[in-house]
Structures are given as C-alpha cells and as structure tokens.
Amino acid sequence: MASTLADINSQIKKHDEQIAQLRRQAEELRNQERSSVIDEVRKKIAEYGLTATDLKLTGRVAAVKRAAGGAQSKAAAKYRGPTGETWSGGRGRKPRWVTEALAAGKSLSDYEIK
C-alpha cells in the first residue's frame, strides 16, 4: 500500500478533526452529568440539613485557593517596630526586629498598634 506524504498528512488532519469533535462531545456530556450531580447533591444537603462543617469543607477554601495559585490575603498589622515596620503577629517567622526586641527583654505589648 503505497501512500504519499500528502495522503498521510490528509489522514492525520482528518483524524485530528475527529479527535477534537469527540473531545467537545465528551466535555458536553461531562458538563451535563456534572450539572445533574450538583443538583442531586444540593437536594441531599437540603434534605438532611447538612452544613460545610458536616462535610468537612470548612477551612479548605483558603487551602484550595493557595493550591490553585490564588492570592493569599494579607493580615492586618498588629505590631509596629521601632523604625516603622509592621507585623501581623502570626503568619510565618517572626521578623528580626521582633526577635531582637524579645531577646532584649521587651514585650510584644510594647509594640502593639492601638
């Protein structure tokens, strides 16, 4: 079976178009199924009075956003350092000015923003 390069390229193009069409059909079916599943889940949630806590969904929104590359919200500053720098008091490591102040015998309450 002798085929030319043009014949082979033509067959590839035809198959690529068929693949794209099948992928579109699969995506449509998935969206239809997804919609019916969402409706079913909502009905069950309402029927049983379930909450996000019951489903262990609380606290996951932030984790999912971070995993998806979403921006993490910035916490409000609770402390102001001697040269004007600020710290929220809980995320990550303590800034150097905080550790140095604590080592020098100061208290965090000395730096609270009021």
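Let me start on the outward side of helix 3, where Arg 96 and Ala 103 are exposed; please keep in mind throughout that what we are looking at is a predicted model. Helix 3 runs over residues 96-103, and on its other side Trp 97, Val 98 and Ala 101 are buried. If you look down the axis of helix 3, those buried residues fall within an arc of 100°, and so they line one face of the helix.

What do the buried residues of helix 3 pack against? They pack against strand 1, which covers 79-80, and against strand 2, the latter being residues 86-87. Just after the helix, Gly 105 takes a positive phi of about 95°.

That brings me to the core. In soluble globular proteins, nonpolar side chains tend to be buried together. Here the largest nonpolar core has six residues in all, namely Tyr 79, Trp 87, Trp 97, Val 98, Ala 101 and Tyr 111, and helix 3 gives the most to this core, with three residues. One member of the core, Tyr 79, has a long list of contacts if we leave out residues up to four places away in sequence: Tyr 79 touches Glu 85, Thr 86, Trp 87, Gly 89, Trp 97, Leu 108, Tyr 111, Glu 112 and Ile 113.

Now to the aromatic rings, of which the structure holds two pairs. A pair of aromatic rings is described by the distance of the centres and the angle of the planes. For Trp 97 and Tyr 111 the ring centres are 5.5 Å apart and the planes stand at 70°, and because planes over 60 degrees apart count as edge-to-face, this pair is assigned to that class. Trp 97 sits in helix 3 whereas Tyr 111 belongs to the segment after helix 3, so the pair ties together parts that are 14 residues apart in sequence.

Are these two residues buried or exposed? With the cut-off for buried set at under 20% relative accessible area, Trp 97 counts as buried because its relative accessibility is 11%, and Tyr 111 counts as buried because its value is 15%.

Finally, a word on Ser 88, which is found in the loop between strand 2 and helix 3. Although it is a loop residue, Ser 88 is buried, with a relative accessible area of 14%. Not counting residues up to four places away in sequence, Ser 88 touches Ala 75, Ala 76, Ala 77 and Lys 78.

Definitions and conventions: Residues numbered from 1 in each chain as written. Predicted model: local features only at pLDDT ≥ 70, side-chain atom pairs only at ≥ 80, totals over all residues. Heavy atoms only, no water. Phe/Tyr/Trp six-rings, centres within 6.5 Å; stacked < 30°, edge-to-face > 60°. Helix = DSSP H or I, 4+ residues; strand = E, 2+ residues; numbered from the N terminus. Buried < 20%, exposed > 50% of the residue type's maximum accessible area, 1.4 Å probe, protein only. Contact = heavy atoms within 4.5 Å. Core = buried A, V, L, I, M, F, W, Y, C linked by side-chain atoms within 4.5 Å. Arc of directions from axis to C-beta.
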